[in-house]
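Colleague: I would like to learn how to read the packed and the empty parts of a model. Please take me through them.

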Amino acid sequence: MALDSLQEEVSALALPSCDDRRSFARSGKVPSVAEPPAIRLDRLGKRFRVSKREGGLMPALRALVRREWVEVDAVCELSFEIPRGQRVGFLGPNGAGKTTTLKLLAGLLHPTSGHAEVLGHQPARRAHPFLRSIALVMGQKRQLAWDLPALDTFELLRVAFDVARPIYQQRLAELVELLDLAEVIRKPVRTLSLGERMKCEVVAALLHGPQVLFLDEPTIGMDVSMQLAMREFVREYNQRTGATIVLTSHYMEDVAALCERIIVIDGGRLRFDGSIEALVRRIRPLRRVSVRADGLPDAAGLAALGNAIVVEPPQLVLDVEPERVSEAVALLIGLPGSRDLAVADAPLEEVMRELFARPSERDQELGP
Amino acid sequence: MSRWLAVVGALWKYGVAQALAYRVSLIIWIASTSFPLISLVLWRALAETGPIGGWQQADFDSYFVATFLVRQLTSVWVVWDLDRQIRSGELSVLLLRPVSPILHHAMANLATQPLRLLLAAPLGILVLVSVGQTMAVAEDPRVWPLVPVALALSWLLAFTVQLSVACLAFWLTKAATLYEIYLGAFIVLSGYAVPTSLFPPGLAEVARVLPFHAVLGFPVELVIGRLPLAEAVEGLGLQLAWLTGFGLLAAWLWRRGLRVYGAVGA
Amino acid sequence: MISGSGFMGHGPLRRHLGLLAAQVRVSVLAALEYRTGFWSQGVMGLLWSLGGVIPLWVALEHRAELAGWSVGELGMLTGCYVILAGVFAGFVQPGLTETMDQIRRGTLDYVLLRPNDPLVASLGSAFEPWSLLEIVAGVGLVIASAIVTPGQAGPVEFAQLAVVAVAGFVALQALGMLVLAISFRALQLENLTYLMESLLDFARWPITVFRGPLKLLFTFVVPFAIMTSYPAQALAGQLGWAQVGGAIVTALALVGLARGLWTRALRSYTSASS
């Protein structure tokens, strides 16, 4: 499930300027003195100037001589640190600033305020050793030449990044084996399926052995099995090389399965930084209890336990406060014909929906 | 009928908005078609010591300013847009609308004419004033009503030729390069670089019956009054003949091409 | 898996030359595969370069010589023009078109992520080897005209020729860079290469035909004089060292301007959203 359906609700929250907003959320990690972090942001901001006008002929003619500009803060005073080797997921609705943040960290965009530091470099300087140590994979844009086999583009990249041939061969062999691409890389890219193409794109990005890997919607448009394969691969790569992974995705499953830490960005601001469990606890402290039984309690009885979500005999789903879970479980087990009792955290999508529906003052309560 | 007019009007406004969206692009378009003004300077210099083939300096001045203005009015670029849309599959979006993509492109191209003329006319007048000439125009009043007709036919012919070449993109990958070849021929044979009547004897006759000349050289000569009525009417007939030919070709290619496009899938 | 190392540590010059060589190799392989390019790119290009001579021919019919240039010298000039057209079509325009395409699709980001100078990478992102046909024909035309023209060309003249030829090539690439820098901001881009091509047509004419502002334009701003007139004049033994100096300065100034604009454009790059 994608978060696009939340777009309208969230757009109402998006304010055009950083000045009247504060970033209440604090970063979750305590900076480690032992090893410098892979990524450090200090009040990073990016402001775009966008021309705007009404539709229609007269405004169009007027715009020919005089343009009206609107300033949009895509990213607003973002601060956090990511230690080496961590797998981090950026979550947020469309237009929240996730992709802009990634591009700022990769050096594609120049920040308009604040600092970013990746592996000790300033990304916008685009220093040679910096570019050699990072990689960015964009799920919706491809870099492989369309009419040639992927192998040809790999060779061009080898030259572009100045990788020694034996190292290149070895890395390529490992990646191809991990992703099961032996035959695929010899066929013209235009003949490949979407999943195969994305796998080749990932290989292309990793040929120079980057230490930080940025992934922007890598599994978009893929089927479930491909998504699983991609997740497994990223985890494997992280474990084998200790590379830092930063992932943005609309698919909750990607982030939940892969990332030990999530950073929620909304309207260009940091809304939450911590583990998924912590997020769920903070936002939706209720636990979801479900059971099947032949005789369900009446409305008053259900209200006393918690919030009823689904009441369709024999199915019953309730949200219950954590302190009262054992009491609720005891009662539900006692129902005639009770079976399939389960206790779980609220689904992540609903947590996110809650998060974005809340006004900003509540953010003060979030944090480590 | 009124609904059709409403659609056309809407497409027109859309076309104007698109043209105005990119100011730099508009300026570049104007600049790239100011080739005739540079030719004007060139041929003035050459004709300084005396007429060339019966053309005085004043004649060259009028000819090239007229070429510049006529070119603004008869410029189309549907070949690049349509070629790209066919190759990338964007055409599918246009095909889903109840308006023919051809009409869409025609309006988009037409919508910019008044704007370009508005921006180009002062430039042309400036050049004329600075060389101390006034524009020569046709003396015979019977020729005047033929001018708008010639210009309209000229635009239509340019459009259908580009449309035909663009339709080849349904089958070939490099249709736009074919158009560049056409353009190369056009620059020479249409009278853009030098009046066709100055060509060496054999070549002049051939050039004057080709569609390139029908698009540019003929209307220009009509405007500046170098054609007697009989020749003017002949020229119009020639324009119509080419227009019919290319029109039929474009229609046929379009229909066949759509079938191929649908079969292969975008 | 090895990460964070394995680089060859070549210097920038060696790396960029290697990159260009790799691209040339890919382009040649592609050209050999689509052999129709010989006709559509090579032969056709040559025909239209030569066809465009007609206005020159018309002028010559009515004048014995053109602004001080004899027929033989004009032949050399035309040969230089054909070479210029071939170099443009084969080694400048394809890169421009490819890069503009990438800007439109948003995939220029990947070029910017690589540790190479993005300007060099963009200009060298595609080549059309079949245009070599035009270049070879142009060289033939120059040699043929030189033989027919009276006058000796000695080592000094050849040195001048070499210098202005290089300056002309550099200036042409600089113009390409300018076009790329502008195309970052303007998005409907086919017009720009069209503009360059139509302007290029004026390189057929000897620079002495132009007067005043146009002469300055074509000598120092869009320096066709350097690309065609000067080499022809060098071969005819009529090029002064002052002009050669001017050519070098102009080429370098153009490169400086182009790089400056390019750096500015990069800083305000907004990177089309995904």
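Colleague: What does Trp205(C) touch, not counting residues up to four places away in sequence?

Modeller: A contact means heavy atoms within 4.5 Å. In this predicted model, Trp205(C) touches Leu42(B), Trp43(B) and Leu46(B) in chain B, and Pro55(C), Leu56(C), Ala59(C), Leu66(C), Leu77(C), Phe210(C) and Ser229(C) in chain C.

Colleague: Before we go on, what are the ground rules?

Modeller: Residues are numbered from 1 along each chain as its sequence is written, and chains are lettered from A, ligands numbered from 1, in the order in which they are written. Local features need pLDDT of at least 70, side-chain atom pairs count only at pLDDT 80 or more, totals for chains, interfaces and linings use all residues, and side-chain values use heavy atoms, with hydrogens and water left out.

Colleague: How many residues does the largest nonpolar core have?

Modeller: A nonpolar core is a set of buried Ala, Val, Leu, Ile, Met, Phe, Trp, Tyr and Cys residues joined through side-chain atoms within 4.5 Å. Buried means under 20% relative accessible area, exposed over 50%, and partly exposed in between (1.4 Å probe, protein chains only). Here the largest core has 187 residues, and Trp205(C) is among those with the most contacts inside it, along with Ile39(A), Phe214(A) and Trp43(B). Helix 9 of chain B gives the most to this core, 14 residues; helices (H or I, at least four residues) and strands (E, at least two) are DSSP runs numbered from the N terminus. Another core, of 53 residues, lies apart from it and includes Met230(A) and Leu279(A).

Colleague: How many residues of helix 7 of chain B are buried?

Modeller: Eight of the 11 residues in this helix, 101-111, are buried. Among them are His104(B), His105(B) and Asn109(B).

Colleague: And the empty space: how many cavities of 30 Å³ or more does a search find?

Modeller: Rolling a probe the size of a water molecule over the atoms shows where empty space is left. On a 1 Å grid over the protein atoms alone, a cavity is a set of points where a 1.4 Å probe fits but cannot get out; lining residues have an atom within 4 Å of a point. Grid points are joined across faces, edges and corners, and a volume is the space filled by probe spheres set on the points. The search finds six. The largest has a volume of about 140 Å³. Of its 15 lining residues, Arg71(B), Val76(B), Gln162(B), Tyr179(B) and Leu183(B) are the closest to its centre. Helix 10 of chain B gives the most to that lining, four residues.

Technical notes
1 Å grid on protein atoms, 1.4 Å probe; cavity = no way out; pocket = protein on both sides within 12 Å on 5 of 7 lines; lining within 4 Å.
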